[in-house]
Amino acid sequence: MQATDPENTQPIAEDAAYAPEETGNGYREKRGRKEMPMIVYRCEDTLESVFTAIYQAYEEKRNHDDTILSLTDDPLLFAEDIPVTADEEKTRKVMRTLERRFGREDCERLAMALASEDEGKAQAIYRTVVQGLRGRCRPGHLFDNLADVWVHRAFALARGVSTEVGHQLQFLRFQELENGMLFSRIGPKNDVVVFVMPHFADRLPIENFVIYDEKRNLFGIHPAGKPWYLLRGEEADRPQNLRYSDREREYQELFRQFCHTITVEGRENRKLQRGMLPLRFREYMVEFQ
């Protein structure tokens, strides 16, 4: 079989003729020759770090079956740890290769899977990419082989993040501050701000607004008429004692009264409400405050 090197897209020979056998000393042996132990790339929880690790695995011609991408510091017996420093150039090369080979839609799914809070996401993405390159899958078909445990896991992670992005687009609420800026506070399970910002930047191009993820202390900032960007704050940067405009307070009260007025007590169905609007979103919604 052959895989593609994310650096220069040249084929790398995959030696499938040797069946590894445990030697009892932590190494693997293939027909009389010893291999290196398991390789563990220790990544940060960022797309850049994971893609850099994928680049290094191909650049160093690692045996993909004996290579692990980990986001934790959990030790692995007889394994060689390699710390990964995120590299923008290597990340761009990997992204270009993946988009060319798998298409934009599947690349977005990979990015969504990496936005999950699952600690095993890096390995799932790595093995999914390896399977796609080995199988020379056509654009748009990276996740077709759901029988593969890693492909299925990456697909499930991406689907979960996509669902939460959809929820945030529906349930996110902006509030106007005294200075006229629109501010929204959210607390998503997954890191979805990067996927939410383009929607609101397109809907509110002439507004100054901020979407704040309080779980990650992450700010999505959109200056009016300019491109949006992300900013990760320090603990002291957490917004406190926000002062809303008089018009905002007035409309908040009107909206709450409207929601209470249209309620039909005899047809109240709390179970259905929780299914349509999970409780974890309500603390960030004006009508439930």
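## Exercises on a predicted model

Of the 289 residues in the protein chain, 41% are buried. The model is predicted, so please keep that in mind as you work through the exercises.

**Exercise 1. Describe the overall make-up of the protein chain, and state what share of its contacts between residues at least 6 apart in sequence join residues at least 24 apart.**

Solution. Start with the secondary structure: the protein chain has 9 helices and 13 strands. Next, turn to the contacts. Taking those between residues at least 6 apart in sequence, 65% join residues at least 24 apart.

**Exercise 2. Find the nonpolar cores and name residues in them.**

Solution. Begin with the largest nonpolar core, which has 50 residues. Within this core, Y41, V50, I54 and L69 have the most contacts. Then look for a second core: there is a separate one of 6 residues, with L177, V210, Y212 and I221 among them.

**Exercise 3. Characterise the largest pocket by its volume, its lining and the elements that supply that lining.**

Solution. First, the volume: the largest pocket holds about 880 Å³ of space. Second, the lining: 28 residues line this pocket, and L47, E48, A111, V194 and F195 lie nearest its centre. Third, the elements: two or more lining residues come from each of α1 (47-59), α2 (88-102), α3 (104-114), α6 (193-203) and β13 (229-232). Of these, α3 gives the most, with 6 residues. Finally, sort the lining by class, which yields 14 nonpolar, 3 polar and 11 charged residues.

**Exercise 4. Classify the ring pair of F143 and F155, and explain which parts of the chain the pair ties together.**

Solution. To set the scene, the structure holds 6 aromatic pairs. A pair of aromatic rings is described by two quantities, the distance of the centres and the angle of the planes. For F143 and F155 the centres are 6.2 Å apart and the planes lie at 50°, so this pair is tilted. Now place the residues: F143 sits in the loop between α4 (121-135) and α5 (149-171), while F155 belongs to helix α5, so the pair ties together parts that are 12 residues apart in sequence. As a last step, check accessibility. F143 counts as buried because its relative accessibility is 5%, and the cut-off for buried is under 20%. F155 has a relative accessible area of 21% and is therefore partly exposed.

**Exercise 5. Which residues are linked by ring pairs into a cluster?**

Solution. Follow the ring pairs from residue to residue: they link F174, F200 and F209 into a cluster.

Methods: Residues are numbered from 1 along each chain as its sequence is written. This is a predicted model: local features need pLDDT of at least 70, side-chain atom pairs count only at pLDDT 80 or more; totals for chains, interfaces and linings use all residues. Side-chain values use heavy atoms; hydrogens and water are left out. On a 1 Å grid over the protein atoms alone, a cavity is a set of points where a 1.4 Å probe fits but cannot get out, and a pocket is an open set with protein on both sides within 12 Å along at least five of seven lines; lining residues have an atom within 4 Å of a point. Grid points are joined across faces, edges and corners, and a volume is the space filled by probe spheres set on the points. Helices (H or I, at least four residues) and strands (E, at least two) are DSSP runs, numbered from the N terminus. Ala, Val, Leu, Ile, Met, Phe, Trp, Tyr, Cys and Pro count as nonpolar, Asp, Glu, Lys and Arg as charged, and the others, Gly among them, as polar. Rings of Phe, Tyr and Trp (its six-membered ring) pair if their centres lie within 6.5 Å; planes under 30 degrees apart count as stacked, over 60 as edge-to-face and the rest as tilted. Buried means under 20% relative accessible area, exposed over 50%, partly exposed in between (1.4 Å probe, protein chains only). A nonpolar core is a set of buried Ala, Val, Leu, Ile, Met, Phe, Trp, Tyr and Cys residues joined through side-chain atoms within 4.5 Å. Contact means heavy atoms within 4.5 Å.
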